[in-house]
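Subject: Structure handover

Hello,

Here is the structure I said I would pass on. Please open it first, then read the notes below.

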Amino acid sequence: MANGQNKKLVSVQNLNFKYNNDYILNDINLDIFKGKNVAILGRNGGGKSTLVKVMLGFLRKNSGSIEFFTSENKIGYLPQIREFDTSFPINIFDLVISGLTNKNNLFRKFNNEEKKRAEILLKEFDIFHLKNKLINEVSGGQLQRALIARALISSPELIFLDEPESFLDKEFEFKLFEKIKELSDSTIVVISHELEKIYDYIDSIFVVEGNIRVYEKKEDYVCSNPYLHSHK
Ligand SMILES: Nc1ncnc2c1ncn2[C@@H]1O[C@H](COP(=O)(O)OP(=O)(O)OP(=O)(O)O)[C@@H](O)[C@H]1O
């Protein structure tokens, strides 16, 4: 077992969230441990993205507790592209390096080392040649690569990826998790509809469909789903 693998990074207890009068998340309890990658699965509209947004404080919970045992600047987040205002006038380089800011230091200056790190990531994700392009001047896949680089630039201890495979071509999609492992030591929480593509990289599975079913061991999820079992 890797060092520090028992360190708890997040604990969520009795969490409830509603949009207007509709309860979307009901009594969510979960823990995330360092080095144990998690897949969040579940049907469309089940509340996966909402759960992550509530955990990260983008949406305000109605009740319950959310505790992080890592600092805010050690958390990376890849939102879905549709959450993003692509008409915002920012270029690809600035988008990637903005992953080093948080709400307390939004307009700070970046030092040379930080700029170098941004350039390395742009090269790793094959978008260096686009660094001066505005985000509405690149393709969906190129923007997705930039957003993944942005999520990784702070070398986060914990990274949340909301459907990272969106817009990526097959070749890059295959390399994605290897690349993340190569570039960071992050524990990954990934929302996905494609379990077979991420299966080798995850340890646990949370199924979020209003409530949550936690499978500490991914094999237990597969065993409890005969259809998956016969196709694995
Ligand atoms: N801004 C909003 N206002 C009101 N309801 C919303 C809002 N955003 C999402 N919802 C509703 O909350 C529910 C959960 O949405 P969410 O995006 O979290 O689901 P999801 O599991 O991530 O879905 P998918 O697999 O389709 O991406 C859905 O019923 C959705 O219609």
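Start with Phe177, which is buried, at a relative accessible area of 5%. Buried here means under 20%, so Phe177 qualifies. Keep in mind that this is a predicted model.

Phe177 takes part in one of the 5 aromatic pairs in the structure. Its partner is Tyr201: the ring centres are 5.1 Å apart and the planes meet at 20 degrees, so the pair is stacked. Planes under 30 degrees apart count as stacked. The two residues come from distant parts of the chain, 24 residues apart. Phe177 is in helix H5 (residues 170-183), while Tyr201 is in the loop between helix H6 (195-198) and strand E8 (204-209).

Phe177 also belongs to the largest nonpolar core, which has 47 residues. The members that touch the most other members are Phe125, Leu161, Phe177, Val190, Leu195, Ile205 and Tyr221. Helix H4 (residues 140-152) supplies the largest share of this core, 7 residues. At least three residues come from each of domain 1 (7-70 + 157-177 + 184-232) and domain 2 (86-154).

Leaving aside residues up to four places away in sequence, Val190 touches Val38, Ala39, Ile40, Leu161, Pro164, Phe177, Ile198 and Ile202. There is also a second, separate core of 24 residues, with Val12, Ile40, Val54 and Tyr77 among them.

Two charged side chains sit over rings. Lys123 lies over the face of Phe128, 4.7 Å from the ring centre. The charged end of Arg145 is over the ring of Phe172, at 4.0 Å from its centre.

Regards

Key: Residues numbered from 1 in each chain as written. Predicted model: local features only at pLDDT ≥ 70, side-chain atom pairs only at ≥ 80, totals over all residues. Heavy atoms only, no water. Core = buried A, V, L, I, M, F, W, Y, C linked by side-chain atoms within 4.5 Å. Buried < 20%, exposed > 50% of the residue type's maximum accessible area, 1.4 Å probe, protein only. Helix = DSSP H or I, 4+ residues; strand = E, 2+ residues; numbered from the N terminus. Domains from an automatic or database assignment. Contact = heavy atoms within 4.5 Å. Phe/Tyr/Trp six-rings, centres within 6.5 Å; stacked < 30°, edge-to-face > 60°. Lys NZ or Arg CZ within 6 Å of the ring centre and 35° of its normal.
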